[in-house]
Amino acid sequence: MANLLPSVQDILLLTPEIIILLSGLLILLITPFVEPKYQRITPSLAIAGSLLAFIASQSLGAGHRVILNGMISVSLYSAFFQNIFLIVNFLVVLLSLTYLEEEFANMGEYYAMLMFATLGMMLMAASSDLLSIFLALELMSVSLYILAGYFRRHSESNEAAIKYYLTGVLASAFMLYGISLIYGITGTTNLRAVGDFIGVSGSLARDPALGMAMLMLVMGFGFKIAAVPFHMWLPDVYEGSPTCVTAFMSVGPKAAGFAAVLRVFYVGLGSLRLEWTVIFAILSVLTMTTGNLLALTQKSVKRMLAYSSIAHAGYAILGLTVAGTALEGAGMSSLLFYMFSYLFMNVGAFAVLILLRKKALTSESLDDFNGLAQRAPFLAFLMAILLLSLTGLPPTVGFVGKFYVFGAVIQVALTGNGFYGLLAVIAVVNAAISAFYYLRLLMNIYLKDGAETLTWRYSHSLMFVIVFSALATLYFGIFPGSILSLAQQSVKILL
Amino acid sequence: MIPLTYYLGLGAALFTIGLIVVLTRRNILVIFMSIELMLNAVNINFVAFSRYFDHLQGDIIAIFVITVAAAEAAVGWGIVVSIFRNRGDVDIENINLLKW
């Protein structure tokens, strides 16, 4: 217990987190003193903070250091996820700007909560201890509860917040119970130490409580990544929340959840992988199928995207099941790449929804997009790229993401594991089902005639987000190599 | 000395009671109270294990959990207050604008 105080080098490794924290605090501090006509100063601060943190995280280097008494491990793995979160934060701040101004809700608190949620996600990806994972997750979740209910005069937003809150807190309680059991079995909460202890002297046969703890953790994290059957909250919360918050929630917390799940199950409960791969395989089949089938029946585009995000979580869980086999590296890196690919296409699609919307908070139906191509050819083209990417067609990043996840599953199947062959077939069938509802929207845009039913809310920042997302979707679809090799290097520290 | 299993039994019982109440009651205030009950059931586990191992780690975790529970409760009450302002009641059966 000699080195309770962290050294300066250790603190410097946390520069991106500290920048985000400070900019969040600064925003909170100046908000009461900003006059209404200078309202844009707080989002500018948020953008500056996320850009600075992004630069800082690029300059950290490739080393792997465990700091703060084993609570945080700074590595390429955490940096990969942190970059995802910082890009999401940057894009979401940009697309919130005009949306909130129109709702007369452009206040500093919103950006402060966004920064704190990002901080929680960044710490979650870097945590290497069950306690710090829990605390980071709570920082993220509590900020998101507030963001979901940010339009406090809208009943829909209230409802989204209370539903998210109740299920989220319940999930936290389950997760904590699981953590307490693991602590009771192993006497520690550090994931490496837990993994070593279980690997040497623990087994399900000797410790039935271990299975219980694993199930509790699956439930807790399952709520966070919205795996079926723990998904019930998601469509309501996504529909009721402000659309910019939905864009944030559909990418950030999910990626953070997967970052933590990978660490907890692979590092901490690695010797129980035979058990948890089966659990995750079942969850992934349920998640993909339920998400896609329910998305088929939706009239509202926002709700359709909500269900499609459940389905995408299902594909990502496939990567998790491969992580429990001999091809663990391929499984994990495909999961990381999938999270990265999901970021641009989803934020872009939600940005289009913000640009074209009805006056009310509840969102536009599929028919409102009829004939969009005649009225706004450029926007329709960008939306087409994003939808093709969500479907998983080349030459977009969505195709590459699906290709590597499915490829990893098929590789396992080729080693003679028929179970994974079945998984691959189900996944491909699901991708085909998902094509139906994405391409139906595309058909509405291009092939149908329709009158203008939506109000245009054009702004430069919003258009920038859409163009940026569409370009990134294409660029990383054609040149996925750099990100892919980064993902492969990132997971090495877990192996 | 009271054996460890008694504490764990108490924790498990309180957790289960909390869960049952969360799933069956309709008043948000009661649900909030039972969520607190669940979190404190976990605290009993942590403190009991900590005592059993004779180190402080579990006690520290319990303090963190209490802090987090307080922050969560504050946000939760804020949400309930805004619901009450908009609707005039806090019965969860009536919170049904968003479905399917």
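A salt bridge is taken here as a side-chain nitrogen of Lys or Arg within 4 Å of a carboxyl oxygen of Asp or Glu. Applied to the boundary between chain B and chain A of this predicted model, that rule gives a count of zero salt bridges, although the count over all chains comes to eight.

What, then, does the boundary between the two chains consist of? The contact draws 43 residues from chain A and 39 residues from chain B, and together the chains bury about 3600 Å², of which 75% lies on carbon and sulfur atoms. Polar contact is nevertheless present, with nine residue pairs counted between chain B and chain A, both residues of each pair being at pLDDT 80 or more. On the side of chain B that touches chain A, the elements giving two or more residues are α1, α2 (28–53) and α3 (57–87) of chain B, and the largest share, 15 residues, comes from α3(B). Sorted by class, this side of chain B holds 27 nonpolar, ten polar and two charged residues.

Aromatic side chains offer a second route through the model. A pair of aromatic rings is described by the distance of the centres and the angle of the planes. Over all chains there are 40 aromatic pairs. In the pair made by A:Tyr150 and A:Phe151, the ring centres are 6.1 Å apart and the planes stand at 40 degrees, so the pair is tilted. A:Tyr150 is buried at a relative accessible area of 12%, and A:Phe151 is likewise buried, at 4%. Another aromatic pair, formed by A:Phe174 and B:Phe15, is edge-to-face, with 5.5 Å from centre to centre and 80 degrees between the planes. This pair crosses between chains, since A:Phe174 belongs to helix α7 (residues 155–186) of chain A and B:Phe15 to helix α1 (residues 4–24) of chain B. Both A:Phe174 and B:Phe15 are buried.

Helix α7 of chain A also carries a salt bridge, between A:Glu159 and A:Lys163, whose closest N and O atoms are 2.7 Å apart. The two residues are four apart within that helix, about one turn. Is A:Glu159 buried or exposed? A:Glu159 has a relative accessible area of 1% and therefore counts as buried, the limit for that class being under 20%. A:Glu159 and A:Lys163 are, moreover, members of a network of salt bridges that also links A:Asp236, A:Glu239 and A:Arg303.

Other salt bridges join parts of a chain that are distant in sequence. The side chains of A:Glu328 and A:Arg273 meet at 3.0 Å, N to O, and this pair spans 55 residues, from helix α14 (residues 328–355) to helix α12 (residues 273–296) of chain A. A:Arg273 is partly exposed, at 23% relative accessibility. In chain B, the salt bridge of B:Asp91 with B:Arg26 has an N to O distance of 2.8 Å; B:Asp91 lies in the segment after α3 and B:Arg26 in the loop between α1 and α2, 65 residues apart. B:Asp91 is partly exposed at 21%, and B:Arg26 is also partly exposed, at 42%.

A polar contact within chain A is worth locating as well. A:Ser141, in helix α6 (residues 130–148) of chain A, is buried at 0% relative accessibility, and its side chain is joined to that of A:Lys224 by a polar contact of 3.2 Å.

The backbone, finally, has several features to find in the loops. A cis peptide bond with omega of about 10 degrees joins A:Val228 and A:Pro229, and A:Pro229 sits in the loop between α9 (208–225) and α10 (233–240) of chain A. A cis peptide bond also joins A:Pro394 and A:Pro395, with omega of about 5 degrees, and A:Pro395 is placed in the loop between α16 (377–391) and α17 (397–414) of chain A.

Positive phi values in residues other than glycine include that of A:Leu68, near 55 degrees, in the loop between β1 (65–67) and β2 (72–74) of chain A, where A:Leu68 is partly exposed at 30%. In chain B, B:Asp54 has a positive phi near 60 degrees and is found in the loop between α2 and α3. B:Asp54 counts as exposed, at 65% relative accessibility.

Technical notes:
Residues are numbered from 1 along each chain as its sequence is written. Chains are lettered from A and ligands numbered from 1 in the order in which they are written. This is a predicted model: local features need pLDDT of at least 70, side-chain atom pairs count only at pLDDT 80 or more; totals for chains, interfaces and linings use all residues. Side-chain values use heavy atoms; hydrogens and water are left out. Rings of Phe, Tyr and Trp (its six-membered ring) pair if their centres lie within 6.5 Å; planes under 30 degrees apart count as stacked, over 60 as edge-to-face and the rest as tilted. Buried means under 20% relative accessible area, exposed over 50%, partly exposed in between (1.4 Å probe, protein chains only). Contact means heavy atoms within 4.5 Å. Buried area is the accessible area (1.4 Å probe) that two parts lose on being put together, summed over both. A polar contact is a pair of N or O atoms within 3.5 Å; within protein, one must be able to donate a hydrogen and the other to accept it, and residues adjacent in sequence count only if both atoms are side-chain atoms. Ala, Val, Leu, Ile, Met, Phe, Trp, Tyr, Cys and Pro count as nonpolar, Asp, Glu, Lys and Arg as charged, and the others, Gly among them, as polar.
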